[in-house]
Amino acid sequence: MRAGGERFGSFGLATPAARQAIPADDAIALLKSGAAKPDSFIGYGNGRSYGDSCQNDAGAVVDMRPLNHIRSFNAETGVVEADAGVLLCNIIAHAAPYGFFPAVVPGTQLVTLGGAIANDVHGKNHHRRGTFGCHVESFTLLRSDGRTYRCSDAGNARLYKATIGGMGLTGLILSASIRLMRVPSLDLVEKATRFRDLGEFFDLAEAADQANEYAVAWIDQLAGGQGRGRGLLFTGNHAEHGSHAAARAGGRLSVPVQPPFNVLNRPFLTAFNAAYRWKKGRSPDPRRAGHQSFFFPLDGIRDWNRLYGPRGLFQHQSVVPETVAQRAVPAMLEAARRAGQGSFLTVLKRFGDVRSPALLSFPRPGYTLTLDFPNRGEKTLKLLMDLDRITVEAGGAVNPYKDARMGPETFAASFPEWQRLEAVRDPAFLSSFWARTAKKLDARRDAAEAAE
């Protein structure tokens with residue numbers, strides 16, 4: 001069922017690639033006929049999820065990339081209708097000449113439209129625009145009852161809210177209509193502000209959000225002593241006079257082969273962090289930046305995840321309430337230092353209070369910290385469990401669509417209303433993530449009820 005020996009893995013490379021894959025047309029035919037078996041499918045976009053939310057050990061992944069046509073675009077309103085397999089970079093390129101840009105973009109433009117909806121992705125402007133789902137007007141969803149549903153806030157609203165952020169579990173998104181935002185150009189006016197420690201960052205963060213469309217901080221996670229918690233706060237706004245043409249997505253550089261070891265080791269990271277802090281923070285003056293370098297810097301190196309070596313990487317993203325962030329964030333960074341683990345990219349930003357229509361959505365008011373670690377087996381898994389514990393004890397949540405190993409208890413604490421999604425889940429759809437978290441919680445609940 002896998003064409004041409006193609007691998008359908010996760011971007012983190014720490015979880016096994018899918019054993020079976022099925023073309024979208026074949027899956028659609030099975031679903032429309034009502035012949036799809038239980039737990040047989042999960043949609044697969046462009047494989048940019050870090051964990052196993054786009055994997056299905058019990059069945060097959062559905063390759064959605066052939067469904068890649070932009071169906072219509074309204075140059076007056078900025079509303080675009082496109083197939084679920086269209087990449088975000090293609091939407092950007094199509095709309096940019098008319099002065100429009102997606103209201104929310106994640107850290108890569110090489111994600112599909114369906115994947116952005118299913119994960120309810122967020123960007124550097126959550127404080128102003130909320131999540132991607134806030135800008136989804138409607139979508140077409142195919143379920144295993146053979147029916148196709150047009151879902152919006154006004155029609156099939158229950159499916160609409162469950163599918164946004166529903167990690168592909170409610171059915172197969174075939175197409176969607178999203179509302180882009182008008183921008184003066186694709187270019188950004190970017191400013192980098194140095195901060196000496198986390199306390200100084202927290203003093204700057206709220207004012208930066210109020211004054212700018214985009215704001216995000218980079219942390220030098222390896223710095224110790226007086227440099228502990230230092231970093232750079234990047235802010236940005238679309239330039240009034242700039243480019244309206246999107247260059248071809250993906251850079252000229254690549255990692256053509258898998259190194260036999262982790263290239264991003266501690267000596268490399270220490271040198272990289274020092275050079276990055278010097279280069280990006282050497283001037284506090286605003287500067288012009290292209291949209292790809294500002295939003296998607298790592299897209300410039302194809303297959304950069306291979307640098308972590310054959311065992312791959314784990315990404316940990318958490319969000320904690322503002323009231324405890326100044327205690328919880330330093331505690332997580334200290335836990336990583338104590339474990340001797342270096343994070344290649346350590347990102348800290350503030351989420352606002354713009355509510356998503358999603359039933360389950362990761363962003364919520366507070367601060368979100370993202371850390372990347374090479375997979376060193378049990379040592380890394382123990383650190384990740386410590387980060388989970390700090391997050392949950394702080395009343396926060398761990399991001400499920402970037403996860404490859406969290407336990408059921410962490411998931412339940414992060415998303416106490418998970419059963420509402422399970423109630424709407426299409427019986428033909430299951431992911432490896434859902435099997436190891438929600439399904440185990442379900443089994444325990446059934447066993448407890450039987451014992452009573």
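**Exercise 1. Classify the exposure of Phe 272 and describe the ring pair it forms with Phe 344 in this predicted model.**

Solution. Begin with Phe 272, whose relative accessibility is 25%; because buried means under 20% and exposed over 50%, Phe 272 counts as partly exposed. Phe 344, by comparison with the same cut-off, has a relative accessible area of 9% and is buried. Turning to the geometry, the two ring centres are 5.2 Å apart and the planes stand at 50°. Planes under 30 degrees apart would count as stacked and those over 60 as edge-to-face, so the pair of Phe 272 and Phe 344 is tilted. The pair links distant parts of the chain, since Phe 272 belongs to helix H7 (residues 266-281) while Phe 344 is in the loop between helix H9 (322-338) and strand E18 (346-351), 72 residues apart. Both rings also belong to one aromatic cluster, which includes Phe 11, Tyr 50, Trp 218 and Trp 304.

**Exercise 2. Determine how the rings of Phe 139 and Tyr 160 are arranged, and which parts of the chain they tie together.**

Solution. The structure holds 27 aromatic pairs. In the one formed by Phe 139 and Tyr 160, the centres are 5.8 Å apart and the planes are at 15°, so the pair is stacked. Next, place the partners: Phe 139 lies in strand E7 and Tyr 160 in helix H5 (residues 157-163), so the pair ties together parts that are 21 residues apart in sequence. Finally, consider accessibility, which is 0% for Phe 139 and 5% for Tyr 160; Phe 139 is therefore buried, and Tyr 160 likewise counts as buried.

**Exercise 3. Describe the surroundings of strand E7, its pairing with E9 and E8, and its degree of burial.**

Solution. Strand E7 spans residues 136-142 and is mostly covered, with six of its seven residues buried. Antiparallel pairing with strand E9 (residues 172-179) is made through six bridges, and within it Val 136 has Ile 178 as its bridge partner. Strand E8 (residues 148-152) also runs antiparallel to E7, joined to it by five bridges, with Arg 150 as the bridge partner of Thr 140. E7 and E8 form a hairpin with five residues between them, and in its turn Gly 146 has a positive phi of about 85°.

**Exercise 4. Identify the residues with the most contacts in the largest nonpolar core, and state which element contributes its largest share.**

Solution. The largest nonpolar core has 87 residues, and those with the most contacts inside it are Phe 132, Phe 139, Leu 172, Phe 411 and Trp 434. Its largest share, five residues, comes from E9. Another core, of 30 residues, lies apart from this one and has Phe 202, Met 332, Leu 333 and Ala 404 among its members. Taking Phe 411 as an example, and leaving aside neighbours within four places in sequence, its contacts include Trp 418, Phe 433, Trp 434 and Leu 441.

**Exercise 5. Locate Val 424 and establish whether it is buried or exposed.**

Solution. Val 424 is part of helix H12 (residues 418-424). Its relative accessibility is 6%, so Val 424 counts as buried. Beyond the neighbours within four places in sequence, Val 424 is in contact with Arg 143, Arg 158, Leu 159, Ala 162 and Thr 170. Although Val 424 and Thr 163 are 261 residues apart in sequence, their C-alpha atoms are 9.0 Å apart in space.

Conventions
Residues are numbered from 1 along each chain as its sequence is written. This is a predicted model: local features need pLDDT of at least 70, side-chain atom pairs count only at pLDDT 80 or more; totals for chains, interfaces and linings use all residues. Side-chain values use heavy atoms; hydrogens and water are left out. Buried means under 20% relative accessible area, exposed over 50%, partly exposed in between (1.4 Å probe, protein chains only). Helices (H or I, at least four residues) and strands (E, at least two) are DSSP runs, numbered from the N terminus. Two strands pair if DSSP finds at least two bridges between them. A nonpolar core is a set of buried Ala, Val, Leu, Ile, Met, Phe, Trp, Tyr and Cys residues joined through side-chain atoms within 4.5 Å. Contact means heavy atoms within 4.5 Å. Rings of Phe, Tyr and Trp (its six-membered ring) pair if their centres lie within 6.5 Å; planes under 30 degrees apart count as stacked, over 60 as edge-to-face and the rest as tilted.
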